[in-house]
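The following exercises are to be worked with the sequence and the structure at hand. Each task is followed by a solution in steps.

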Amino acid sequence: MTEPPQTAEPTAPEPEATAPVPDGRAPRTPAAVRRRALLAGTAVSALLILAIVFGSRLLRDFDSALLPYAVATVFLAFGVAHRYTVWVSAPGARRLFRQGWRSFFSAANFRKAPTALPKMIATYLGFQKFLGARSHARWAAHQLLFWGCVLAALITFPLTWGWFTFTSGTGDGPGYEMRIWGFKVLGFDSLNILGWLMFHGLDIAAVLVIAGASSFLWRRMRDRGAITGQRFAYDLIPLIALVVISVTGLLLTFSSIFLHGGGYEFLAILHMVSVVFTLIYIPFGKFFHIVQRPAAVGMQLFKYTSRRKDGAAEELRACRRCHEPIDTPAYVDNLRGTMRDLKLDFDEWAEYCPRCKRVLRGNAYLTHVKKGFR
């Protein structure tokens, strides 16, 4: 009696077939990575300090009252550069980084699909349409949070660095001038709608952030899935910090308009502490994904353009078991290379569809694990 034929399972590649060194380069030791990260952080911080000095016309337009915020942004620049360097030093992230930015700046990709890059920047970075597939409510909350933070950053950072200044043309208003690096770019009346928007842009940003962050906090207090996997320092502290920054910022406006400055100094200190803490926290917490996201856009562009060859759809590689299409050969080969870089000696699994992977894992369990309980 012959045994029934069995489905061939993927086997680990021979040691000779596995790339021993990612990208043909010698592996970096932890000490070397730390040195590179320290050097990158120092260089970026120094460049930012020089940009502050020269952008504020040798500190002529720099407001000394905003010094703690400026110092926090220097620490932010150091932390982001340091962690980003450590991140791209990992084999998988390095391949993602190189392939992503290569696709991002590729002239061939631009000729092949000239509208792909701006479309992906708008949909993937700006409007995050991929979140809508999970939940429309989460997408809306993320949009409120994202655009509120973007608006606040576009206003706060240049003001903190002394790049933007607002001066009164008459000494007592209502006519104001906005200057960038000392050059007048806009004149406006503080009593009209444009003037109101200019002086209350941070208040608008605060309202957007409070709405978005409150929605996420409510979900994390009510949703079982979120409660099970969340960590206080990683998931809740960033949201709470954003709410504190926004509420104290609104209270500063409330104090100046309705309380004639009552409690303004205490609120200003509380607001400054919350902002400084959040800026320093960004490189080491959940918000670091903001810095990582552009590299993912490059990978999305690589995946999109690899499906188009000379303006036509490229043939997709089929699953080795069920022969259903998976993705383009270029994308599958890139995934296999990443798995080899990570020393995952089962990169052939990249050539199987998700369903077949589950079937093969189940067969392996029945054959090699459950068999021992008979």
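A residue is called buried if its relative accessible area is under 20%, exposed if that area is over 50%, and partly exposed in between. The model used throughout is a predicted one.

**Exercise 1.** Determine whether Thr 73 is buried, partly exposed or exposed, and describe its surroundings.

Solution.
1. Begin with the location: Thr 73 belongs to helix 2.
2. Next, consider accessibility. The relative accessibility of Thr 73 is 3%, so this residue counts as buried.
3. Then examine the polar partner. The backbone oxygen of Ala 70 is reached by the side chain of Thr 73 at 2.5 Å.
4. Finally, list the contacts. When neighbours within four places in sequence are left aside, Thr 73 touches Leu 48, Phe 157, Trp 161 and Leu 279.

**Exercise 2.** Describe how strand 2 and strand 3 are arranged with respect to each other, and state what is found in the turn.

Solution.
1. Establish the pairing: strand 2 and strand 3 run antiparallel, with 6 bridges.
2. Identify a facing pair. Arg 179 is opposite Lys 184, the latter being in strand 3.
3. Inspect the connection. The two strands make a hairpin with 2 residues between them. Trp 181 lies in this loop, between strand 2 (175-180) and strand 3 (183-189).
4. Check the backbone angle. Most residues other than glycine have a negative phi. Trp 181 is not a glycine, yet its phi is positive, at about 55°.
5. Classify the accessibility. With a value of 46%, Trp 181 is partly exposed.

**Exercise 3.** Locate Leu 58, then give its phi and its accessibility class.

Solution.
1. Leu 58 sits in the loop that joins helix 1 (30-55) and helix 2 (67-89).
2. Its phi is positive, about 60°, although Leu 58 is not a glycine.
3. The relative accessible area of Leu 58 is 58%; therefore Leu 58 is exposed.

**Exercise 4.** Which residues form a nonpolar patch on the surface, and what is their accessible area together?

Solution.
1. The members of the patch are Val 247, Leu 251, Phe 254, Ile 257, Phe 258 and Leu 259.
2. Together they have about 540 Å² of accessible area.
3. Take one member, Phe 258, which is part of helix 11 (residues 232-258).
4. Because its relative accessibility is 54%, Phe 258 is classed as exposed.

Terms used:
Residues numbered from 1 in each chain as written. Predicted model: local features only at pLDDT ≥ 70, side-chain atom pairs only at ≥ 80, totals over all residues. Heavy atoms only, no water. Helix = DSSP H or I, 4+ residues; strand = E, 2+ residues; numbered from the N terminus. Buried < 20%, exposed > 50% of the residue type's maximum accessible area, 1.4 Å probe, protein only. Polar contact = N/O pair within 3.5 Å; in protein donor to acceptor, adjacent residues only side chain to side chain. Contact = heavy atoms within 4.5 Å. Patch = residues over 30% accessible without salt bridge, like charges linked within 9 Å, V, L, I, M, F, W, Y side chains within 5 Å. Areas by Shrake-Rupley, 256 points an atom, 1.4 Å probe, with all protein chains shown as cover. Salt bridge = Lys/Arg side-chain N within 4 Å of Asp/Glu carboxyl O. Pairing = 2+ DSSP bridges.
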